[in-house]
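Biologist: I would like a close look at one part of this model, namely a helix and the sheet that it meets.

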Amino acid sequence: MGTVKLGENMEIKVEVIKKACSMAMKAHKYPEKQYLFDKIKSSSPEVVFSFAGSLSVHDWFAGGSFGDMEVDRRLFPSLKYVGLDEIGRVNEAFFKRFKAVLANPKFELEVKKAVDDRRKVVFTGHSSGGAIAILATVWFLEVNSRLPNFIEPLCLTFGSPLVGDRIINIALRREKWSRCFVNFVMRLDIVPRISLSPLSSIGHQLQRVLDYFNQNPQQPPADAPDFYETVVKNASSVANYAACKIMGSTNPLLETASSFIELSPYRPLGTYVFCTGTGKLVEISNADAVLQVLFYSSQLSTEEEKVPVAQTSLRDHLNYENYLKECLRTPIVTSLFHLHQEAPPVTSTANVDMDLNDLGLSERASLCLRAAEALERQKLRNQNTIDGKQIDIEKCLGNLEKYKSSCAHKAGYYDAFKSSDQKEDFHANVNRLELAGIWDEIIEMLKRHELPDEFEGQKKWIRLGTRYRRIVEPLDIANYYRHLKNEDTGHYMGKGRPRRYKCTQKWREHAEKLRDEFPGSCFWAEVEELWIRSGSQGTRESILQLKTKVEKWIGEEEVGDDVLLENSTFMKLQRQHGLAS
Amino acid sequence: MDTETSSFETSEMLGTFLASTPLLSESWRLCNLANANSPQSFLVEQVGSIGYVAFSGIQSVSGSDPSFRNLVPLPDVDINGFFYPLHRQSEEEEPVMVQGALLRGFENIYNNTSFQIQMHALIQTSKSIIFTGHSVGGTTASIAALWLLSHLQSNFVNVSVLCITFGSPLLGNESLSRAILRERWGGKFCHVVSKYDIMPRMLFAPMDPIAPHIKPLLQFWHWYMKSPHFGMLAVPLSDEILAQIFQFILVHLRGLVEAGEEAVAGTFRPFGNYIFCSEDGAVCVDNAASVVKMMFLLFTMGSPSCSVEDHLKYGDYVGKISSQFLEKRSFLQGELPESSYEAGVVLALQSLGISCKEPVAGPAMDCLKAARRMGRTPNLNCANLAIKLSKINPYRAEIEWYKAFCDRSDDQMGYYDSFKQRGASKRDSKVNLNRHKLARFWDNVINLFESNQLPHDFHRQKKWVNASQFYKLLVEPLDIAEYYRTGMHRSKGHYIDHGRERRYRIFDRWWNETSGSEKGNKRSKFASLTQDTCFWAKVEEARDLLDALRSTSDPSQLALYWHEIDCFARCAKTLVENKDVSIDVVAKNSSYSLWLRDYNELKSQMELFRPQFLSFVNEEMVP
C-alpha cells in the first residue's frame, strides 16, 4: 500500500491511517475500556492506541466560558513559553479524562512495552477521543523524547475538538514535536469549531448535538441551523480578531473591544489535513492559517444553503471512516503553503486556487491565509536579522572576557567595575550597554511573538544567552549597587533584575531540565545584600551557605574563581565575619 | 520590523471583527429603548458581565438653541474638575473646547441623583461599562465616557470603558481630539456613521445660516425615534430647502478637506474611531484627517433626502453587518489587484459600497492608504528612535565617565568646574563633542514629537521619560558651565531665564507629569547626579549676588540681596543634607564650596558689624 506525503519530510502509510481511523471509531463502542490497543499486522512496526470519546457536555466543558485550565507542570513541563514563563492552557475536561487513562496502570505498561520493543507508537481518537490522543502523545513525548534511540510517535485525530491555546502550539513547535500531530478534519465538520464558542452561547443546544452523534438518527436536530450559526459567529469573532493581529493592526480599539467579549483561547496545533468533500486532501501546518480556514470554510454561498450545510456539518462528523477509505485509494494531498519558495504565492498557481475553491474559501479568506504566511516569513527574516547580531554579541562578550581576566590581578572585575576608575572600566561599560541594547531588542521581539516559535529551542542561542548572562550580569549588579538603585527599587533580585537575564536563565533551565534556582550570575547581588545587612542576625549563616554554593557554581562555570581573589568584596565580607583569614 | 511585502489593510478586518461581536447590536437595541422610553434621559442595563448605559437621542438641545454649535473652553466651564485630565495642554495649543450646550446637558443628568446612584452600583457590579447613544444621545454618551475615564484615572479603579455612538454630532475641537490621544483613550471610542447620514457631518459647517431649518429637522427625527412603528413620514422641509442644507454642508466639508491635514482653529474635529457602514459592510478609520475626508467622500455619493433618512436607519445597518459573517462575500468586480495590500483596499471599498468604477473610488483608496500611513509612521519612528538611542548611549556613558574622573581628580573641582575651566585637552573636547551630539539627538526627538511624527503618548512612555530625565541630569550642568564659561550671561542675562534650552523645560514637564509627587527614600549616600539640574545656574546667580552685595551700600538693596542669597543658601543646604546633590557639588574646590566659604565669611562680617541689620533680615527670613 502507498503512503501519504505531508509536507517536506513526513510520510504516513495509508494502512496506518486506515487502521487508526477504524480503531478510533471502534473505541467508542467500548467506553468502559478507556482505550484499545492493537498492531496493524503482526509483522508491522506500529502499535496503535485508540481512545474512546465521550458525548456528555461535562466531558467537553469543565465549566467557565471555555473550560480551560493551566497545564499541569509536572506532567507537561515543556508546555510553556519558556523565556517569559507563560504557562500554556488546556481544556480541563479532556485533561481529566486523559488523567483517568493514565491512572490505569495497564496503559503505561503497554506503552512502555511498545517502546521497549522498539515499535512506533500511534495514538489516535475520533471526536473528543482525538483530544485524549493529543494529550497522550504530548505525555509520551515528555517522557521519552530524550531517551536514546527514541522513535517518534504519531498522533492521528479525526474530527477532534481543539485542546490547547497558542502557547501549547508554540511549545510543540519549539520542541520539534509539532510534526507528530496530524489532524484530519472534514471540511464542514462542526466539532473542531465548537471549541471556539463559549459554553454560555451553545450550552442548551450542545447536549442535543452530542445526543445526535450518539444515537445517530436519520434527521439531525431541528435547531441544527441555529447551532451552526452560533458556532460560526463565534468562530468569526476569533478568526477576525486573529486576522487583525496577523495583519499587524495596532489600533487600540481592537484590544478594548476584545476585552468586552469572550474569545476562545483555543488554537489548532500540529498539521491539519482538510477533507474537501471533493475527494481531495489539503494539508496546512501553519496554525494561524488553520484557524482562518476553520472559519472561512464554514461560510455559506447562499442563504438557502444554511439548512443543508448545517445538517452536513453534523453528519460529516460521523463520516470519516467511509470518506477516508474512498479518498485514500489514490491519495492526493496538496499543501496550501510553499514556505520555502521565495516568491509568495500571491496570484498562486491554478492548483492552489482550486484547493481554495474546494475548501470554499473567498478572496477575503485567501488574503488572511496570505497574511498568515507573510507573518511566518517575516518571523524568519527577523530571525536572520537577529542571527546577524551574533557577531556583535560575540565581539562584545570577547572584550568583556578580556576585561575580566585583566582584572584578575586586582580584586576581580566585579569590584573593578563597581568602582570604575580606569579607562578599561569605561570601555567595559560601553560594551555592557551595547549588549543590553541587543538583548532587550530580542526580548521585546519574543514578547511580541515576532520570532519563529522554534527560536527558544535553538542551542546556539541558549548557549550564547548563558555565556552573556554569566559574564555580564555581575556588571549590571555592580552598576545597580554603585548607583544605589537598591535604595529606590530595593533588592536587585526583587524588581531590579532585567528581563534579559531572567529570560536567558529560563532558556538554559528548560534546555537542561534544571530546577528553577537562584542563579550563580546573581551571586554578587546576594553578597551586596549581605554586606548591607552586615552584623544582623543570621548573616554569618547566610555567608556560610553562600560559600558552599559558590564552590558548586565555580565548578559549573556559573561563577568565575575571581570571586575568591584576596581583595574581592566577597572575601572582605567573610573576613568581616571572621570566616576567612 | 516591517516591510511592504508583509503589509495588509486592516481597516475592513477591524470593522468586520466589531460587527461579529454582540457589542454593536446590543448597544443599538438599548439606544432604541432609550429613545422610546427615556426622553431627555438615560437607561441602565446589565447584559452578562457588561453594564450598558444608553442615552436618549432626544435631548433638549435643538438647532435654534444658539449654543448648539458653540464651543466653550473646557477648563473654564468644568468647574467641578470632572474632566481634569483633559485640562492639561501644551503651550502653543488652543484650549480643549467642547459643545457647551451638551456639556450642560450632561451636567443636568449627572446632577440627577439617580444617575450617580446607578453609576455607582454599575461600577461595583460590572468590570466593563459601555456608554452608548443614538444621535445627540451618542455625543452625551461620549461626554459621560470622558467623565468616567477621568474619574477612574484619579481613583485608580480598574473598569474597562467603551463608548459606541450611532450617527452622533461632533463634540469638540482638535485639542480635545489630541488630549484624548494623549490619555490613550482613542481606542475607547467607536462612532458608527452611515454612508450618507447628515447629522454627524452637520457641525463641520457654521450653523447660523441654516439654523431655522434645523429645528424642524430635529423635531422630525425625534418624533420618529420616539415612535418608529408609525413608519417614515414625509420630511417637513421642502426639497429645495433640503437641497440647500445638503449643499451647504457639502461645501464646507469640501473646504475642510481641501485645507489639508491640519485642523482649522475654532472648528470641530472628530476623535476616536469611526466605523463607516454601508449595506455591504463596515470599515474602521481612526485618523482624524482621514475621518473628515471619508465623511466628505461618502457624503458626495448621497442625496438630500437620503442624508436625512439615513440618520434613522442604524437599526438596518447594524442588523446587516452583524449577520454578514455567515455569508461568503465574493468579489465580483473582476480581478483583484496583485498586491495583498491593494487587494485589501479594494475589498474595503466593496464594504463601503463603493464600486471601483465610481469617481470617489480613487480618492477613497488614497484616504485609506493615508490613514494607514499616518497610523503607522509614528510607531515606526518611535522604534527607530529606540535604536538610535541605544547607539548614542556610549556618548552618554563617556560623559558619565568624565564626571567620575573629575570627581576623583586631585584638583577636587567636580565635573561642572572642570568643564567650565577646561583647557584644550583631548578628553575635554571629546566631552564637548558628545554634549553636542546628544543635544542634536534630543532636539530631533522633540522636533518629531511636536510635528506629530511620534505616538501621541510618547511623552508618557516610561522608557523615554526616564531616558530624557537621565540625559538632563547628566548634561544640563555642562550646558550651564559652557554658558558661563563663554560669558553668555553678560550679554544675554542669567541662564535660567535667558539661556536654558527649551528641551530641558519640556523634559521637566514630561518628568513631572508622569512621576507625580513621588517622594524617594532617604539617601544614604550622595546621589549619583544632582537632582536639581539648574543647581549650578543658581550657584552662578548667587555668586553674582555676593558681588553685587559687596559693591552696594543702599540698605534696601542690601536687604533684598541678602534675602535672595539666604534663600538660596537654605535651599542648597537642604539639598546637600538630603544628599539630593551629587558628590561634585561638595568637592573642596567646586564653585559651590567656594561660594559657601565666601558667603559664610561675609555673613560673619555682617554679624560683627551690623547686628541690628541682621536681626531685621532674620525677621524677613523666618516669617
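Which strands of chain A does helix H1 (residues 14-27) lie across, and at about what angle does it run to E4(A)?

Modeller: The model is predicted: local features need pLDDT of at least 70 and side-chain atom pairs count only at pLDDT 80 or more, while totals for chains, interfaces and linings use all residues. Side-chain values use heavy atoms, without hydrogens and water, residues are numbered from 1 along each chain as its sequence is written, and chains are lettered from A and ligands numbered from 1 in the order in which they are written.

In chain A, helix H1 (residues 14-27) lies across E3, strand E4 (46-51), E9, E10 and strand E12 (181-186), with contact meaning heavy atoms within 4.5 Å. The helix runs at about 30° to E4(A) (angles run from 0 to 180 degrees between N-to-C directions of axes fitted to C-alpha atoms, for helices over the stretch in contact). Helices (H or I, at least four residues) and strands (E, at least two) are DSSP runs, numbered from the N terminus.

These five strands of chain A belong to an open sheet of 8 strands, ordered E3-E4-E9-E10-E12-E14-E15-E16, whose pairing is mixed (a pair needs at least two DSSP bridges). At its edges are strand E3 (35-39) and strand E16 (333-335) of chain A, each paired on one side only. On average, neighbouring strands of this sheet are turned by 20° against each other, direction ignored.

Within the sheet, strand E9 (residues 120-126) and strand E10 (residues 154-158) of chain A pair in the parallel sense over 5 bridges. In this pair, A:Thr124 stands opposite A:Leu156 of E10(A).
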